[in-house]
Amino acid sequence: MPKGTKIALGLALIPFLMLVLALPFVNRVGPFVLGLPFLLFWIVLWIFLTPFILMAAYWAENKFNKNDRQGKS
């Protein structure tokens with residue numbers, strides 16, 4: 001597997017981990033952030049961050065796999 005693909009998959013895994021596996025650790029009502037319970041703020045935060053992380057994954061794959069793509073064309 002090319003280096004850029006590994007980096008892209010690693011970056012794409014971050015939002016999944018934060019939205020699915022980290023929820024039991026942030027499941028609190030106590031601190032309110034911007035008027036939202038912390039769990040709701042956490043989910044909204046990662047929904048907004050996900051496109052930027054996926055954009056970075058796309059750029060990483062294009063940057064590191066540029067030679068592979070040119071050789072196959």
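## Reading a predicted helical chain

Analyst: In this predicted model, L45, L49, F52, M55, Y58 and W59 together make a nonpolar surface patch of about 620 Å².

User: How exposed is a member of that patch such as L49, and in which helix does L49 lie?

Analyst: A residue counts as buried under 20% relative accessible area and as exposed over 50%, with partly exposed in between. L49 lies in helix α3, and because its relative accessibility is 32%, L49 counts as partly exposed.

User: What is the secondary structure of the protein chain, and which pattern does the chain follow along the sequence?

Analyst: The protein chain has four helices and two strands, and their order along the sequence reads α-α-β-β-α-α.

User: How does the radius of gyration of the protein chain stand against that of a compact globule of 73 residues?

Analyst: The general idea is to set the chain's value beside the one expected for a compact globule with that number of residues. Here the globule would have a radius of gyration near 11 Å, whereas the protein chain has 17 Å. The spans of the C-alpha trace along its principal axes can be read beside this, and they are about 55 × 20 × 10 Å.

User: What share of the residues is buried, and how much of the accessible surface belongs to carbon and sulfur atoms?

Analyst: Of the 73 residues in the protein chain, 19% are buried. The accessible surface comes to about 5,400 Å², and 74% of that surface belongs to carbon and sulfur atoms.

User: Among contacts between residues at least 6 apart in sequence, what percentage joins residues at least 24 apart?

Analyst: In the protein chain, that share is 59%.

User: Is T5 buried or exposed, and what does its side chain make a polar contact with?

Analyst: T5 is found in helix α1, which covers residues 3-21, and T5 counts as buried because its relative accessibility is 17%, under the 20% cut-off. The side chain of T5 makes a polar contact with the side chain of E61 at 3.2 Å. Once residues up to four places away in sequence are left out, T5 touches E61 and N65.

User: Where does T50 lie, is it buried or exposed, and which residues is it in contact with?

Analyst: T50 lies in helix α3, residues 38-64, and with a relative accessible area of 17% T50 is therefore buried. Apart from its neighbours within four places in sequence, T50 is in contact with P15 and L19.

User: In which helix is F64 found, and how far apart are F64 and P15 in sequence and in space?

Analyst: F64 is found in helix α3. Sequence separation and spatial separation are best read side by side, and for this pair they are 49 residues in sequence and 22 Å in space, taken from C-alpha to C-alpha. F64 is in contact with K3, G4 and I7 when its neighbours within four places in sequence are left aside, and at 37% relative accessibility F64 counts as partly exposed.

User: What is the phi of L34, and where is L34 found?

Analyst: Most residues other than glycine have a negative phi. L34 has a positive phi of about 55° although it is not a glycine. L34 is found in the loop between β1 (32-33) and β2 (36-37), and because its relative accessible area is 76%, L34 is exposed.

Notes: Residues numbered from 1 in each chain as written. Predicted model: local features only at pLDDT ≥ 70, side-chain atom pairs only at ≥ 80, totals over all residues. Heavy atoms only, no water. Buried < 20%, exposed > 50% of the residue type's maximum accessible area, 1.4 Å probe, protein only. Contact = heavy atoms within 4.5 Å. Polar contact = N/O pair within 3.5 Å; in protein donor to acceptor, adjacent residues only side chain to side chain. Patch = residues over 30% accessible without salt bridge, like charges linked within 9 Å, V, L, I, M, F, W, Y side chains within 5 Å. Areas by Shrake-Rupley, 256 points an atom, 1.4 Å probe, with all protein chains shown as cover. Salt bridge = Lys/Arg side-chain N within 4 Å of Asp/Glu carboxyl O. Rg over C-alpha atoms; globule rule 2.2 N^0.38 Å.
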